[in-house]
Each structure stands twice: as C-alpha cells, then as structure tokens.
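Please find below my note on the model under discussion. It is arranged as numbered points, each of which may be checked against the coordinates.

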Amino acid sequence: MIALTIDAIIAIGIVWLALQTVRGANVFSAIIMFIVFGLIMSLAWARLHAPDLALAEAAIGAGITGALLLVTWRRVHVLEGRTPQVGMAARSLWLTLPTALAAALLIASLGWVALTLPAEPATAGELAWQRLPEMGVSNPVTGVLLGFRAYDTLLEMAVLLAAWLGARVVASELRPGALPGPAHEEVPLVGALLSLVVPISLLVAVYLLQAGGSAPGGAFQGGAVLAAGGVLLCLTGRLESADQTSLIERIVLILGLAVFSSVGLMMLPLGEPMLAMPGVWAIYLIETALLLSIALTLVLLFAAAPGLRRSS
Amino acid sequence: MPSELLIGLIFLPLLGACLTVLPWRWSTRLGVFAGLVSLPVLLVALTLAVIREGAWYYSLGGWTAPLGIRLFVDPLALLMLWMVAIIGGVAAAHAWHDFRPGTPEGARFWPLWLLLTAAMNALFLSADLFNLYVCLELVTLAAIPLIAMAGTATSIRAAMRYLLLALLASLVYLLGVALLYNATGTLDLYLMTQTLAASDGPATSLAFALIAVGLLLKGAVFPLHVWLPNAHASAPGPVSAVLSALVVKTAVYLVYRLWLWTLPAEDPMQGAVELFAVLGAAALIYGGILALLQERLKLVIAYSTVAQLGYLLLVLPLASVTAWQAASYQLLSHGLAKAAMFLAAANILHAVGSDRLADLERLDQRTPLSLFALALGGVSIMGLPPSGGFLAKWLLLEAAWQEGRWLLLFVLVLGSLLAAGYVFRILAAALRRADPTEAEDAEGTSPIGRRQAGYALLLALLALLAGFGAAPILEVIDAGAPAGWSAP
Amino acid sequence: MSATATIYLLTAAAVFGIGVYGLLQARQILRQLLAINLMGGAIFLLLITLGGGAEGPPDPVPQAMVLTGIVIAVSATAFALALLVKLQDATGSSDLDPPDAE
C-alpha cells in the first residue's frame, strides 16, 4: 500500500511537471520544470526496477539536457537583447481548444490501448536473459547494448557525431565570445570545490564504466558524468573556447565509432559474423572509447565551440 | 562472400565519415573515395548475387532474430542502394567544386554527407523496426545541417521547421514501434508478420496508424508536406538533389515495407492503402497546381517533388505486377530526373545569380548545357516517351486500367498535364528574349561550368536511358514483388 | 495488470498527450523542444512499464532501446539548440512565425 502511494505521488508529480513545462509562465520557468521532470522520472525508473535508466535519466536527461537548455536560453536571451522581441506565449484560444481536445483524445486512446497489452517481458527479452551468459557480462542491459543489439549502439554513436558536426555547421559564423563566461567575481570557495568535484566526476565515470558489466552503469552514464565535470570547468572559466578543433579532440570525437566499427569488422576475416564480440575485453575496450567520445561531444556541444583549451 | 558486401555498403561510408573528421586533406579525400566511389563496385557484385541467390538475411553479431538485428536485401532494397550510389555519387561530384577538401566548407560538408550516405544505406538494408528508428534519426540529423550550409536566413528557418517536424515524426513512429514490440514480442519486420496474423487487438491497429502518421510526415505527403518546399529549395544544389531524390523516399520505402511485407494481407489496417491513394491523388493535384504558381525555379522543382511523391502512394491499392513495376520505375526515374533538375537549377542560379523565373532569359545562350539537362529531366517528370518517367506513368495507367479504376486514370492524366504545364512554364521563361544584347555562354567558356553542367546532364541522360534499358531492370524488379502482387 | 503498471501506463499516455498539445500550441521553439522531449520521456516510460518494470526487472531489450533513445534525444536537442541560436543570429527572431516570405 505504501509502495502504491509512492507510485501514485510520483505519477502525479510527473504529470503535473509535464503540464507546468508546457504551460510555464515564461520559457525559463518551463525549462526549470522540465529539469525537475527529468529528476522525478529517474525516481520512476528506480521504482520500475530500471536503475540503469535512473542513472542515465538523471545524468543525461535532466543534467546535460538541462544544462544545454539553460545555456541556450541565455544565449538567445543575450541575442534578443540586441533586437528586442515581443513574443506571445501561446496561440489564440481558437487553436488551443481543438488542440487540447485532440490531445485528450490521444491520451484516452493511448491509455486504453496500453492497458490491453500484457505488461511483461516479450519474446526477445526472454531470449536476452536466456542467452546472456554467452556474452560474458551479467548486466542484461549491457548485454543487449553491446551484444545482441550492438548495431543500434554503433549507429547511435553516429547520431551523436552527426549532432556535433551539425552544430559546427550552424555555429560557424557566430562571433567568438558566444560562450557566457562567469558573470561576476568568483567566490573563493569555488576553486576548492572544483578541485574536489571534478576528480570525483572522473572517478565516478570510471566506476560506472567498469561496473556496467555486472551492475547498473556503463559508457553512457559514465560519459555523461564525465561531461558534467567538463561542463563545470567551462562554467567556471577553467576551460574556454578555442578557435580550432585540435587533432586530439578530433580523434576522441570519432574514437567511439571507429573503435566499435573496427572491433566489429575485425572478426570478419576470421569467418565470424560482423559485430560478433571476440571477448569481454572487447566490450570494455569499446565502452571506454564510447565513454570518451560521449563525454567530449557533450562538453563541446555545451560550449558551442570548435574546441576547448585551458584558460591562461 | 555476398554478405560482406552489405557490411561494406554501410561501414565504408561510416568509416569514411570518421576519416573526413580528421584535419588533413588526404584523409578527407581518402574518406570520400572509400565511402562513395566504392559503392557502385560493391553494388555490381551485390546485384549479381541477388540475381543468383534471390533475397537473403544477415544476422549481425550472429544473433538471430528476434534476439538480434537482421539485415535484409532484396530487389527493392537493391534499387534504393543503386540510387544512393549513383545519384548520391554524381551529386557529390557536383559538390566537390564548392566544398573542396582542405577548405572550411569542405571540412564541414563531407563528414555529414558521408554519414547521410551511410544512414540511407543502413536504412534500406535494415530489417528491424527500432534500428530503423535510429537510421531515420541519423538521416535527419545528417541531412538538416546540410540544408543550413546554404547559410541564408530562409535556409536556417526551413532547416528548423524541418527539424521540429522530423523529430515529431520519428517520435510518433517510435510510439508505434513500442506498442508493436509489446504486442508481438519482436522488432523484426518480417518475423512480426506471423504474430500479427494471430493477434487482433486494438494495439497493433493504433501502432500502425501512428507509424503511418510518422512516415507520411517524414515523407512530406500532402497535407503534411508544408516543411518540404522551402527546405528543398533553399539547400545547396547537390543537397537539394539528394533530399528530393533520396531522403524523402526513405519514408515512402518504409511505407512499402510495412504495408506490403510486414502487415498480413487480411489485417484490417490494410484498408489504409485506400487512404494513402487518396492522399497521393491530392498531393499530385495540389503539388502540381502549387508548382505552376511558384515564381522561383527551385521552388517549382520542390513542389514538383510533392506532386511526384503522390504517384508512389497511388500505386498501393492496385496490387499487381504492373503496379509494382510502375512504383519501382517511378522511384528510379523521379530520383534521377529530379536530381538532374536540381543540379541544373544550381548551375543556373550560379550563372545568373538568381533563380526567379522572371530573371531567367536566354538561358539557351547563357547556360545551354544546364538548360538541356533541365529540359531532359522535365521530359521524364512529365512522362513523355521515351523517358523512364514515361514508362513509370504508362505502367501506372495500365495497372489502373486493369483494375478498372477510372477516377485514378483521370487523376493520372491530370497530374501529367499539370507537370507539362510547370515544365513548359520553366522552359518558356528560360527561352525568353527580353534583352536584345548578346550574352556570352557562361558554361561553354569555363571548364568548371562545363563540368558542373555535365553532372546534371549525366543524371538527366540516365533518366532518359532508363526508358530504353527497362527490360533487364524490370526483370530483376519483378522477382522482388511483394507477396500478393506477383500473380499474373 | 498490476495497479502500479496501470498508474505508470496512464502517466505515460498523459505525458505524451501533454507533449503533443505543448508542441502544437507553443510558439517559441525552446518550448516546442521541451514538448518534444516530454513526448520522448512518455514513450520511454511506456516501453519500460509494458516491459514488466512494475513487477520486477523489466525486459532488457526496451531498457536498451530507452538508453539509446535518451542519447538520441540529447543529440537531437543539442543540434536543435545550436540551430536555434543560429536562427536568432541570422533572422533576429527565435520564432518561426511570421512565416517566411514565400
């Protein structure tokens, strides 16, 4: 009964926050509501026995996405200051009512249909559990991500790379200094705190990476935590935008995709199928490469810069 | 070793994209050559293998479906792969001049172009619904920055609108996939058919409805086409060519796969094909009229794409070998002709400095080769003999006649008349002689202009040749007709 | 169907609908992106609940799908945000309305 009450509270919180995100008085408060929505979602993942997702949602869904949204809000705000803009929050009532009705209809039909389905693992999921031992890892999610459905994960790295390449295309003509630096004099404590937090984020990332085989965690969660450390260094001015992407940065950006593909291709001459994993070591090698690529890509996307360098 | 060919088609462009991210000129050149020039070679071998062995599956990682992800190649997939290789390859050759390796533009352009190529090849080969979601997102995220490379305010706005609608479309698609996975226990397009035949819950119907909405939005099918004209018209020329010839076709291709392969013949959702046909007819007429009303060359060509996509949906209820040939030939000939027209339009825009129809005069003197390519492409779009477009439309008329669909016959004729209208309008504008002074031939005098015009002309000639060399192509295509379409 | 699963399934349906409503009704692009992310979250919740998460460890296949989906969502959002800044810079407006001069 207590468990059910908790679930009900989480569910009401999720729906309320979603509504606030959509109806928030201004864009800034809508973003804040969305970030809190992500945090409550990670509670829901924990309640739904999916700790891997709870970690990923908190780190990527709420953390990195939230940071990206806020920094963009500020950039747009600064640019808007140059050309004042009066924007209405919403469309007229004439559009709002039919839209709301359509959405309500969608909610009703989706809810009804979902309740007719069996809420239990499907055929493919059962097979994944049965054949997990062949993968040499005990976390079934890692088994699916880097074994049974490794091809999805590989293409997903291509998606991440495309996002960065795309951001480079559209950011190319922005004047330097687009990254908002620290707005005021730094509080002395920040330095001390950073020297503690950043190494910890590195440590947590490495832990998540090696734990991913048997416990919740893996390259994605680890990469996001490492990226969060990088975002902090950018925000406090420890790292600043460079005009060029250095060779090392370029290599790290493609590392995940290149290592994953190479390991996958490696087995072809031996008569094994594409993307057959030669052993557990290959999984950890790939995960390390993925982690580095993910972390750097996310930090560069946050900084909206071709590259980064240490502040002088 | 035919299965390694499939791997090569996906991974050579993918690794080529990685190479082009590196800063050196040689790495960019190597990446482009490895990722693009290799494709036709692989495809020749693959075509021979498909003729010899028919369609086959390849389980990635050795994990058989439903646990793993399978690739699937058949004549339809082969046709799409050939289009990516040829149209994408010629458009890339055209782009080589504006986006040279070693320049900042080149450094931004080639990685995305190669990722787009890899994504389309992966999409046409994938047999897994969720993997297809990843492919669709990769296509979107690689294609849209290429539109924004034009750098104009219109192109940025068009890219943003395209992005928002494309993201909405893939999420609606993903929701359908989520329901289907739970209802059938698998994500495999072809395994799913058996389970679908046994289940009759509302979940699978809703799932297919959601997937249809998502794909129609991605495919810019009327009335969900609003994002297409500006996006296709404002992109750099080679990008416009690939967007209209290939990228929108990915959604139509998936509609074909899901409705003609995955969905069992007796499923109530098969009724949707009639709706698709109605939308196709509406697109054909609406797109044709709008193309007639445009004032800019590239917008005329873009609205023509909205219209021509209509043919691809009209075919769905006809279910005969002739209809199948018509659909395949429309995919092929529209792709070639439309890409030729966009490349030619880019050359004209470059030479004249504007693509307003009012500014296009005496093009037969200023850009004769590009004008010729534009006209040849137009011949195929209108469906005049002996072009590939003629064959596609003729087969379609024949299929509609066989089924006794008189209304459809009327729509087809009307669509061709509208196409003739907008093509002749372009030609009339291009041949006007408002200004009596002699203009110089901008193309004939510069080797670069000649070469750029040559690429457009090459594709236009291929569209024309497709009409002559139809017999062997149709023989391969026939073998790939979906079940229920192959009965004589 | 357990009570917990019912609660989360209805939550997922509600959030998806709210996202669609927000996307169609919002004018600022940032709000539209938030709505798109809400829709994604709703699909993920649906996948995991239908995978049996309310009773015990959920089906690992949808879990992997959701992880992939989260990374794709952040990638798409990041690119969209970069494009938004460019839009503001190039047109002086972070709004798609009034429509382009067509």
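The points below take up the confidence of the model, the three chains, the contacts between them, and two local features.

1. Status and overall confidence. The structure is a predicted model, and the remarks that follow should be read accordingly. The model scores ipTM 0.95 and pTM 0.95.

2. Confidence within chain C. Chain C has a mean pLDDT of 90, with 94% of its residues at 70 or more. Residues 98-102 of chain C are an exception to note, since their pLDDT is below 50. Beyond near neighbours in sequence, this stretch makes 4 contacts in the model. Where pLDDT is low, the predicted coordinates should not be read in detail.

3. Architecture of chain A. Chain A contains 11 helices and 2 strands. Read from the N terminus, the order of its elements is α-α-α-α-α-α-α-α-α-β-α-α-β. The C-alpha trace of chain A spans about 65 × 60 × 35 Å along its principal axes. Of its 312 residues, 49% count as buried. Among contacts in chain A with a separation of 6 or more, 73% are between residues 24 or more positions apart.

4. Architecture of chain B. Chain B has 20 helices and 2 strands. Its C-alpha atoms fill a box of roughly 75 × 60 × 45 Å, taken along the principal axes. The radius of gyration of chain B is 22 Å, which agrees with the value near 23 Å for a compact globule of 488 residues. Buried residues account for 66% of the 488 residues in chain B. In chain B, 77% of the contacts with a separation of 6 or more involve residues 24 or more positions apart.

5. Architecture of chain C. Chain C consists of 3 helices and 0 strands, in the order α-α-α. Its radius of gyration, 17 Å, is well over the 13 Å that the globule rule gives for 102 residues, so chain C is more spread out than a compact globule. The C-alpha trace of chain C spans about 55 × 25 × 20 Å along its principal axes. Nevertheless, 79% of the 102 residues in chain C are buried. Of the contacts in chain C between residues at least 6 apart in sequence, 51% join residues at least 24 apart.

6. Contact between chains A and C. Here, 81 residues of chain A are in contact with 72 residues of chain C. Several helices of chain A each supply at least two residues to this side, among them H1 (2-23), H2 (27-47) and H4 (93-116). H3(A) gives the most, with 15 residues. The side of chain A that touches chain C divides into 56 nonpolar, 15 polar and 10 charged residues.

7. Contact between chains A and B. This contact takes 42 residues from chain A and 46 residues from chain B. On the side of chain A that touches chain B, the elements giving two or more residues are H4, H5, H6, H7 and helix H10 (247-266) of chain A. H7(A) provides the largest share, 14 residues. By class, the residues of this side of chain A are 28 nonpolar, 7 polar and 7 charged.

8. The kink in H10(A). Where is H10(A) kinked? The kink, of about 50°, is centred on Leu255(A). Leu255(A) is also one of the buried residues of H10(A), which include Ile254(A), Gly256(A), Phe260(A) and Gly264(A). What covers the buried residues of H10(A) includes H7 and helix H11 (280-303) of chain A, together with helix H1 (2-21) of chain B.

9. The environment of Gln325(B). Gln325(B) lies in helix H13 (residues 321-352) of chain B. Is Gln325(B) buried or exposed? Gln325(B) is buried, because 25 other C-beta atoms lie within 10 Å, and the cut-off for burial is 20 or more. Leaving aside neighbours within four places in sequence, Gln325(B) is in contact with Leu395(B), Leu474(B), Ile477(B) and Asp478(B). Gln325(B) and Leu409(B), 84 residues apart in sequence, are 17 Å apart in space, C-alpha to C-alpha.

Technical notes
Residues numbered from 1 in each chain as written. Chains lettered and ligands numbered in written order. Predicted model: local features only at pLDDT ≥ 70, side-chain atom pairs only at ≥ 80, totals over all residues. Contact = placed C-beta atoms within 7 Å. Helix = DSSP H or I, 4+ residues; strand = E, 2+ residues; numbered from the N terminus. Nonpolar A, V, L, I, M, F, W, Y, C, P; charged D, E, K, R; others polar. Rg over C-alpha atoms; globule rule 2.2 N^0.38 Å. Buried ≥ 20, exposed ≤ 12 C-beta atoms within 10 Å, placed from the backbone. Bend = angle between axes of the 7 residues up to and from the residue. pLDDT = per-residue confidence, 0-100.
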